[in-house]
Amino acid sequence: MPNTAFITGATSGFGRACARRFAAAGWNLVLCGRRVDRLDTLQAELETQCAVHSVCLDVRETPAVQAAVAALPEPFSDVHVLVNNAGLALGTAPAQDCDLEQWHRMIDTNIKGLTTVTHALLPRLVARGRGTSIINIGSVAGHWPYPGGNVYCGSKAFVEQFSLALRSDLQGSGVRVSCLAPGLSESEFTLVRTGGDQAAYDALYAGAEPIQPEDIADTVFWLATLPPHLNVNALELMPVSQSWSPFTITRR
Ligand code: NDP
Ligand code: 8X3
């Protein structure tokens, strides 16, 4: 019986690339996202390689998440790997100019949604134990503050620390937890963040050789298929073109 990967945010970017990577290895897939047309297209593409169960799901909707997990049919109910990938950034304005509703949407998705999915699947992962994995997609934004990062940075710092604390609680269960923190990566993430600003998208990635979703998918698959006695706690990944800036000092 093939293993099952439960992937949130499978309609785009990292999540879709992960779905393709796991499908290529013959895993069963549970694919979640809000855009049902994209789920249908991806399911049709991947069903030639593996069994696919798509769930139109907003991770912010707690009862819907719980119901979707409770209703997982065979052979998808025995989840081996949870890829907590659904997330977003909204805006790049300084905190003092930000829209509170955007802050709340990031918190509801990146923190509340991720914890809700985790809470719903934990009993199944613990029941299976050794060899299972939770792979949370954090970000360099959770490690390194930058102007306009404000709540997005905070939400990804939560993902990292929650991942490490989960490891503590799961000690002895055999369930692994990894937080993968990518840097500059090319995906619709930037269009979502900028409200569809294609010029901003083009400018951000121009000449930068950013991480591609397939790079993340290969890394997630590697994490998920490590020997069961190994746990990568945290992994930060940047394109070679990216590193740090000096501190900024305002002079009087
Ligand atoms: P995309 O915008 O390409 O994909 C985001 C995915 O999240 C989509 O499939 C979207 O699906 C899903 N999603 C968003 N909100 C919800 C929701 N409320 N409920 C369910 N699904 C949701 O971005 P990426 O692939 O780049 O981002 C994936 C993750 O990686 C995010 O957590 C992001 O913060 C993180 N990340 C991204 C980086 C980057 O530079 N791109 C770098 C570091 C981390 P749908 O709209 O159909 O619901
Ligand atoms: C996405 C990477 O640098 O835009 O998490 O915050 S960054």
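**Close-up views of the two ligands and a pocket**

**Figure 1. Polar contacts of ligand 2 in the predicted model.** An oxygen atom of ligand 2 lies 2.5 Å from an N or O atom in the side chain of Ser139, which is a polar contact (a pair of N or O atoms within 3.5 Å; within protein, one must be able to donate a hydrogen and the other to accept it, and residues adjacent in sequence count only if both atoms are side-chain atoms). The side chain of Tyr152 also has an N or O atom 2.5 Å from an oxygen atom of ligand 2. For Tyr146, a polar side-chain atom is 2.6 Å from an oxygen atom of this ligand. The protein covers 79% of the 240 Å² of accessible area that ligand 2 has on its own (Shrake-Rupley method, 1.4 Å probe; for residues, only the protein chains shown count as cover). This is a predicted model in which local features need pLDDT of at least 70 and side-chain atom pairs count only at pLDDT 80 or more, while totals for chains, interfaces and linings use all residues. Residues are numbered from 1 along each chain as its sequence is written, chains are lettered from A and ligands numbered from 1 in the order in which they are written, and side-chain values use heavy atoms, with hydrogens and water left out.

**Figure 2. The shell around ligand 2.** Ser139, Val140, Ala141, Tyr146, Tyr152, Phe189 and Arg193 surround ligand 2 (each with a heavy atom within 4 Å of it). Five of these residues are nonpolar, one is polar and one is charged (Ala, Val, Leu, Ile, Met, Phe, Trp, Tyr, Cys and Pro count as nonpolar, Asp, Glu, Lys and Arg as charged, and the others, Gly among them, as polar).

**Figure 3. The surroundings of ligand 1.** Ligand 1 is surrounded by 28 residues, the closest being Thr11, Ser12, Arg34, Tyr152 and Ser187. The shell comprises nine nonpolar, 13 polar and six charged residues. Helix 1 (13-24) and helix 5 (150-169) each supply at least two residues of this shell (helices are DSSP runs of H or I with at least four residues, numbered from the N terminus).

**Figure 4. Polar contacts of ligand 1.** An N or O atom in the side chain of Tyr152 is 2.7 Å from an oxygen atom of ligand 1. A polar backbone atom of Val59 lies 2.9 Å from a nitrogen atom of ligand 1. For Phe189, a backbone N or O atom is 3.3 Å from an oxygen atom of the ligand. Of the 880 Å² of accessible area that ligand 1 has on its own, the protein covers 96%.
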